[in-house]
Amino acid sequence: MTAAFTFPGQGSQAVGMGKAMAEAFPAARAVFDEVDSALGERLTTIIWDGPAEALQLTENAQPALMAVSLATLRVLETEAGFSVGRDAAFVAGHSLGEYSALAAAGSLSISDTARLLRTRGLAMQKAVPVGVGAMAALLGLDYEAAVAVANEAAQGQVCQAANDNGGGQVVVSGDKAAVERALEIAKTRGARRAMLLPVSAPFHCSLMQPAADVMARALANVTIAKPASPLVSNVLAAPITDPDEIRRRLIEQVTGTVRWRESVAYMASHGVTRFFEIGSGKVLSGLVKRIAEGAVGISVGGPNDLNAAKDALAAAQPA
């Protein structure tokens, strides 16, 4: 198998995402109905009709992006013959996308995943008062250089590398003053650009420990099955299949670095040449080209993407 199925994270949301799939295919509509039922509200209305401010709330964006990814996967299964267990050497997701990946691989039910992501979104938002934390993108620095910048900027506060996205794109997270210091230091270290991100909380750093504690309790009460394909874990950049380890790594992920560059590189080094980005946006497909030479990212988010996805999967099959 030379294909991996990947799932986008927060920032890929857009009002209207998934609507064309749901209107065209009952399998997609069923996923949205299941998510609405699990949450006890019409999240689908916010996904399709907005307002954008409501969709961008972490508590809504996280289950919404998962819903679109799983609806899209169901259409790929029913209309294009996709099978996670048969076709995907690995599954992986960026931050919240890791939950989508686990639902795709049958490790978590869609209903449980929706509730977990609602809990996760609320907990991450509540962990740090608005305005206390910040995140910033450092462009043009490799991971080691960005970590050095973060360490220098901390000065007794929190400043950590939150996302190693690849292609010279590292996001740092922590106390606002420390992150602002990191911006200035990065500019003296050769960063091409350094900018604050429009986020409401400092994700993937130690300030998120209260949210990690909430997720430890939430995950303790959920059934996790062995995934149909190995999950390349955000915090390990290596595959895992044991349900207890999956639970543990999901808790660590709240405060840990999303090691996306290393995750993609690992999959590529183990024979993956086609990375299917399933759900909203094309962020992960763009990163693939910068991380793994010769690999192809195929984004699948609407009905018009199905034929190309089917052809790409056929090309990924061993002769």
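Helices here are DSSP runs of at least four residues, numbered from the N terminus. The close-ups below all come from a predicted model.

**Figure 1. Serine 285, a residue of helix 14.** Start with serine 285, which has its place in helix 14. At 6% relative accessibility it falls under the 20% cut-off, so serine 285 counts as buried. Leaving out residues up to four places away in sequence, serine 285 touches Glu277, Gly297, Ile298 and Ser299. With one of these, glutamate 277, the contact is a polar one: the two side chains come to 2.7 Å. Glycine 302 makes a handy landmark for this view, as 17 residues of sequence and 15 Å of space, C-alpha to C-alpha, lie between serine 285 and glycine 302.

**Figure 2. Where domain 1 and domain 2 meet.** Let's step back to the two domains. Domain 1 is made of residues 2-127 and 208-315, while domain 2 covers 133-200. Their centres, taken over C-alpha atoms, are 26 Å apart. On the domain 1 side 14 residues are in contact, and on the domain 2 side 11. Together the two domains bury about 940 Å² between them, with carbon and sulfur atoms giving 35% of that area. Thr257, Arg261 and Arg290 are the residues of domain 1 that lose the most area to domain 2, and together they make up 46% of what that side buries.

**Figure 3. Polar links between the domains.** Now for the links themselves. Between domain 1 and domain 2 there are seven residue pairs in polar contact, counting pairs with both residues at pLDDT 80 or more. The count of salt bridges between the two domains is one. Look for aspartate 164 and arginine 261: they form a salt bridge, and their closest N and O atoms are 2.8 Å apart. Helix 13 (260-269) and helix 14 (283-291) are the elements that give two or more residues to the side of domain 1 that touches domain 2. That side is a mix of four nonpolar, six polar and four charged residues.

**Figure 4. Histidine 94 and its neighbours.** This view sits in the loop between strand 2 and helix 7, where histidine 94 is found. With a relative accessible area of 13%, histidine 94 is buried. Its side chain makes a polar contact of 2.8 Å with the side chain of asparagine 165. Not counting residues up to four places away in sequence, the residues that histidine 94 touches are Phe7, Pro8, Gly9, Asn163, Asn165, Asn234, Val258, Trp260 and Leu284.

**Figure 5. Serine 95 and the covered helix 7.** Follow the chain along to serine 95, in the loop between strand 2 (88-93) and helix 7 (97-104). Serine 95 has a positive phi of about 60°, although it is not a glycine. It is also buried, at 10% relative accessible area. How many of the residues of helix 7 are buried? Eight of its eight, so helix 7 is mostly covered. The buried residues are Gly97, Glu98, Tyr99, Ser100, Ala101, Leu102, Ala103 and Ala104. After helix 7 comes glycine 106, with a positive phi near 80°.

**Figure 6. Two loops with backbone features worth a look.** One is at proline 51, in the loop between helix 3 (43-49) and helix 4 (52-56). The peptide bond that leads from glycine 50 to proline 51 is cis, and its omega is near 5°. The other is at glutamine 155, in the loop between helix 9 (143-154) and strand 4 (159-164). Phi of glutamine 155 is positive, near 50°, in a residue other than glycine. Is glutamine 155 buried or exposed? Its relative accessible area is 58%, and it is exposed.

**Figure 7. Threonine 255 in helix 12.** The last view shows threonine 255, part of helix 12 (residues 243-255). The relative accessible area of threonine 255 is 18%, and since buried means under 20%, this residue is buried. Setting aside residues up to four places away in sequence, threonine 255 touches Gln160, His204, Cys205, Ser206, Met208, Gln209 and Ala212.

Key: Residues numbered from 1 in each chain as written. Predicted model: local features only at pLDDT ≥ 70, side-chain atom pairs only at ≥ 80, totals over all residues. Heavy atoms only, no water. Buried < 20%, exposed > 50% of the residue type's maximum accessible area, 1.4 Å probe, protein only. Contact = heavy atoms within 4.5 Å. Domains from an automatic or database assignment. Buried area = accessible area lost by both parts, 1.4 Å probe. Salt bridge = Lys/Arg side-chain N within 4 Å of Asp/Glu carboxyl O. Polar contact = N/O pair within 3.5 Å; in protein donor to acceptor, adjacent residues only side chain to side chain. Nonpolar A, V, L, I, M, F, W, Y, C, P; charged D, E, K, R; others polar.
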